[in-house]
Amino acid sequence: MTASSDAVKRRAGRKRDPRVEPLVLNATLEVYALHGWRGLTFDAVARAAGIGKPAIYRRWDSRELLLVSAFNRTNFPTARDMGSLEADVRDYLAQWLDWYSAPFLPQAGSRILVDCTNNPELDRLYREVVIGPRGRAARQVTRRAIARGELTGEVSSAILPDLILGGMFFHWAFSTDRDEPGFSEKFERESTALVDVILRGLRSTTEA
């Protein structure tokens, strides 16, 4: 475990009232999703959480650490070993569908991709604490499938997560009907169809 990930857990763990941390981290994602990096101040988070600002300062000493801690606490999708390529991918898809249906998470996730390009410390923490471990887990899906004989060794371990995440993000980001009542169901259908195509394509490399 790295020093930065230790810092996230250590500072987040300094709580006197067990209700403070979830209130603050939920409020952090809401404020960030609605107002971006400039609007993410300790004052704004304290108001949204309904707590005193000193309680935040005692646990997190920077906005970067606060925001990364908030992302790390969410149900950020993490690929798991479910016994087969099909089961691994379907489980991973289900986690991402939950992510995109949660309040503020997809909006906040879109913002941080941009803000990391202009903030080296935020980028470092986000990659080290959130993206790094999840990325390694996602690449293991393909490696396990190769070890089981479900895929050939020619398939790159990055292809599967790149296709799933890229396709889902593109569809969500460019949809003009995100606020309409039936969007969640439509998004699930389109994402499931995307995964079907990806799996057929990967398997064709083994069958060829």
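**Helix packing and aromatic pairs: a short tour**

What covers the buried residues of α3 includes α2, α4 (53-57) and α5 (63-73). This is a predicted model.

Visitor: Which residues of α3 are buried?
Guide: Good place to begin. Buried here stands for under 20% relative accessible area. Among the elements that cover such residues of α3 is α2. The buried ones are Phe42, Ala44, Val45, Ala46 and Ala49.

Visitor: Are the axes of α2 and α3 roughly parallel or oblique?
Guide: Helix α2 spans residues 20-39 and helix α3 residues 42-49, and their axes come within 8 Å. They cross at roughly 135 degrees. Angles over 145 would count as roughly antiparallel and 65 to 115 as roughly perpendicular, with the rest left after the roughly parallel ones. That makes α2, relative to α3, oblique.

Visitor: How many nonpolar, polar and charged residues does the contact of α2 with α3 have?
Guide: Let's look at both sides of this right-handed crossing. From α2 come Leu23, Val24, Ala27, Thr28, Val31 and Gly39, which meet Ala44, Val45, Ala48 and Ala49 of α3. Glycine is classed as polar here. By class, the contact has eight nonpolar, two polar and no charged residues.

Visitor: Which glycine follows α3?
Guide: Its phi is positive, near 75 degrees. The residue that comes after α3 is glycine 50.

Visitor: Is the pair of tyrosine 100 and tryptophan 172 stacked or tilted?
Guide: The count comes to twelve aromatic pairs. In this one, the ring centres are 5.9 Å apart and the planes stand at 45 degrees. Planes under 30 degrees apart count as stacked and over 60 as edge-to-face. The angle falls in neither range, so the pair is tilted.

Visitor: How many residues apart are tyrosine 100 and tryptophan 172?
Guide: Tyrosine 100 is buried at 13% relative accessible area, and tryptophan 172 is buried at 7%. The former sits in helix α6 (residues 85-101) and the latter in helix α9 (residues 159-173). The pair links distant parts of the chain, and the separation is 72 residues.

Visitor: What kind of pair do phenylalanine 183 and phenylalanine 187 make, stacked or tilted?
Guide: Both residues are buried. They lie four residues apart in helix α10 (residues 183-207), and so are separated by about one helical turn. Their ring centres are 5.6 Å apart with planes at 25 degrees, which is under the 30 degree cut-off, so the pair is stacked.

Visitor: Which residues form the aromatic cluster?
Guide: Both pairs above belong to it. The members are Phe71, Phe76, Tyr92, Trp96, Trp99, Tyr100, Tyr126, Trp172, Phe183 and Phe187.

Methods: Residues are numbered from 1 along each chain as its sequence is written. This is a predicted model: local features need pLDDT of at least 70, side-chain atom pairs count only at pLDDT 80 or more; totals for chains, interfaces and linings use all residues. Side-chain values use heavy atoms; hydrogens and water are left out. Axes are lines fitted to C-alpha atoms, for helices over the stretch in contact, and angles run from 0 to 180 degrees between N-to-C directions. Helices (H or I, at least four residues) and strands (E, at least two) are DSSP runs, numbered from the N terminus. Angles under 35 degrees count as roughly parallel, over 145 as roughly antiparallel, 65 to 115 as roughly perpendicular and the rest as oblique. A crossing is left-handed if the near helix is turned anticlockwise from the far one by less than a right angle, and right-handed if clockwise. Contact means heavy atoms within 4.5 Å. Buried means under 20% relative accessible area, exposed over 50%, partly exposed in between (1.4 Å probe, protein chains only). Rings of Phe, Tyr and Trp (its six-membered ring) pair if their centres lie within 6.5 Å; planes under 30 degrees apart count as stacked, over 60 as edge-to-face and the rest as tilted.
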